[in-house]
Amino acid sequence: MENATCFATYNIFFEENPERIINIEFKDNVYLDYRKDPSLLHWKKKGNGSIVEFTSQPSEEKLNELLKEYEQPYQLLIYAEDESIAQNVSNLIHGGRLLAYPSIFDNPECTDVYDGFIEMFNKTKFTENILFACLVASRSWNDKPLIYSIEKFRFSLRLDSMTPHSASPYYLQVFSIEDRGYDYQVNAAYSIFSAYSIIEKLKLGISSSQKKPRFIEEEWNPKVKEDILKKLNAIGIQEKDTLDWVIRGEYTKMNQEIKPTLGNESKYYDGEIIFDRTLKILKQYIMQAIFVIFLLVISLTK
């Protein structure tokens, strides 16, 4: 680790094989490491894996009790030549956590780094999917389009998002769908715009023009379709793949404005609260529908 400085993160994690963190390869003299959580604020119960967290360090007596039934998790360390590099790596790791479970609530932005030899434990937090997140950071580290895509993804979720948990049809309609203020409309619009721009950043946009239109008589232009399928297949997306469009609660003006009706009723559709639609990835109207929604979100709700 020549000329590399140890920077600690606020990520506290538990892995059965934490040494796999060390084996993740970066370039530019960047390395990952771990140590037993020095804050003593986070503990994982042996057996059932339940988590206990404290706001202040336990007494020596309490610590001895904890060691009988609980395991001490680990703190993630980043070795880099300077703090700015370590900070960029930490940001990408946070992006990886959000890719594993896109919820700002469950994956708060505890991305700051600090001198690994200074005790700064006030913001340490138990985090999930850390191995996957570190792999995401490693894979994207020397790929600028991927880095900017991850940063756009983080930015989009910060502006507006809902949790995958709340999107589950099991919970029916648990997120807000009522008319909201202008500030929300702006945030939501730019959240969608930022997420949509990732498509272009990853060069997955649909290549069409006036001379080579996207559709011919409401059907895909074969040449355009072949080109986008080639791009999608390269990243593991097939023409037969589908996605679910979440529509819950009473139909709004936004729902009514989207024409024609997209996709088919999902298997969860009940016609009362759940109006979800199942769409094919290449359904010709998906891109237009996204643009329509973008315009509707920034318009005044009537």
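**Exercise 1. Helix α7**

Compare the span of α7 from its first C-alpha to its last with the expected span, then list the buried residues of the helix.

*Solution.* Start with the length: in this predicted model, α7 has 20 residues. Next, take the span from the first C-alpha to the last, which is 29 Å. At 1.5 Å a residue, 28 Å is expected, so the two values are close, because the expected span is 1.5 Å times one less than the number of residues. Now look for the residues that are covered: Gln 185, Ala 188, Ala 189, Ser 191, Ser 194, Ser 197 and Ile 198 are the buried ones in α7. Finally, step just past the end of the helix, where Lys 203 has a positive phi of about 60°.

**Exercise 2. A salt-bridge network**

Find which residues are linked with Arg 158 in a network of salt bridges, and work out how the network is put together.

*Solution.* Begin with the total: the structure holds ten salt bridges.

- Step 1. Arg 158 pairs with Glu 109, and their closest N and O atoms lie 3.3 Å apart. This pair brings together distant parts of the chain, 49 residues apart: Arg 158 sits in helix α5 (residues 144-159), while Glu 109 is in the loop between α3 (83-100) and β7 (113-115).
- Step 2. Check the exposure of this pair. Arg 158 is partly exposed at 39% relative accessible area, and Glu 109 is partly exposed at 38%.
- Step 3. Move to Glu 151 and Arg 154, whose salt bridge has its closest N and O atoms 2.6 Å apart. About one helical turn separates the two, because they are three residues apart in helix α5. As a rule, residues three or four places apart in an α-helix point the same way, because there are 3.6 residues a turn.
- Step 4. Compare the exposure classes here. Glu 151 is partly exposed at 23%, whereas Arg 154 is buried at 3%.
- Step 5. Put the pieces together: Glu 109, Glu 151, Arg 154 and Arg 158 are linked in a network of salt bridges.

**Exercise 3. A second pair to classify**

Decide whether Asp 143 and Arg 139 are buried, partly exposed or exposed, given that their side chains meet in a salt bridge.

*Solution.* The N to O distance in this salt bridge is 3.9 Å, which is within the 4 Å limit. Asp 143 has 23% relative accessibility, so the residue counts as partly exposed. Arg 139 reaches 57% and therefore counts as exposed, the cut-off being over 50%.

**Exercise 4. An open sheet**

Work out the strand order of the open sheet and name its edge strands.

*Solution.* Three strands make up the sheet, in the order β4-β3-β5, with antiparallel pairing. The edges are β4 (51-53) and β5 (70-71), because each pairs on one side only. For one pairing in detail, take β3 (residues 42-45) and β5, which run antiparallel over two bridges. Lys 45 has Tyr 70 in β5 as its bridge partner.

**Exercise 5. Two loops**

Locate Arg 248 and Tyr 171, and describe the surroundings of each.

*Solution.* Arg 248 lies in the loop between β11 (242-245) and α9 (253-257). At 4% relative accessible area, Arg 248 is buried. Its side chain reaches the backbone oxygen of Leu 172 at 2.7 Å, and a polar contact of 2.7 Å joins it to the side chain of Asp 276.

Tyr 171 is in the loop between α6 (164-167) and α7 (182-201). With 34% relative accessibility, Tyr 171 is partly exposed. Together with Tyr 170 and Val 174, Tyr 171 forms a nonpolar surface patch of about 360 Å² accessible area.

Terms used: Residues numbered from 1 in each chain as written. Predicted model: local features only at pLDDT ≥ 70, side-chain atom pairs only at ≥ 80, totals over all residues. Heavy atoms only, no water. Patch = residues over 30% accessible without salt bridge, like charges linked within 9 Å, V, L, I, M, F, W, Y side chains within 5 Å. Areas by Shrake-Rupley, 256 points an atom, 1.4 Å probe, with all protein chains shown as cover. Helix = DSSP H or I, 4+ residues; strand = E, 2+ residues; numbered from the N terminus. Buried < 20%, exposed > 50% of the residue type's maximum accessible area, 1.4 Å probe, protein only. Polar contact = N/O pair within 3.5 Å; in protein donor to acceptor, adjacent residues only side chain to side chain.
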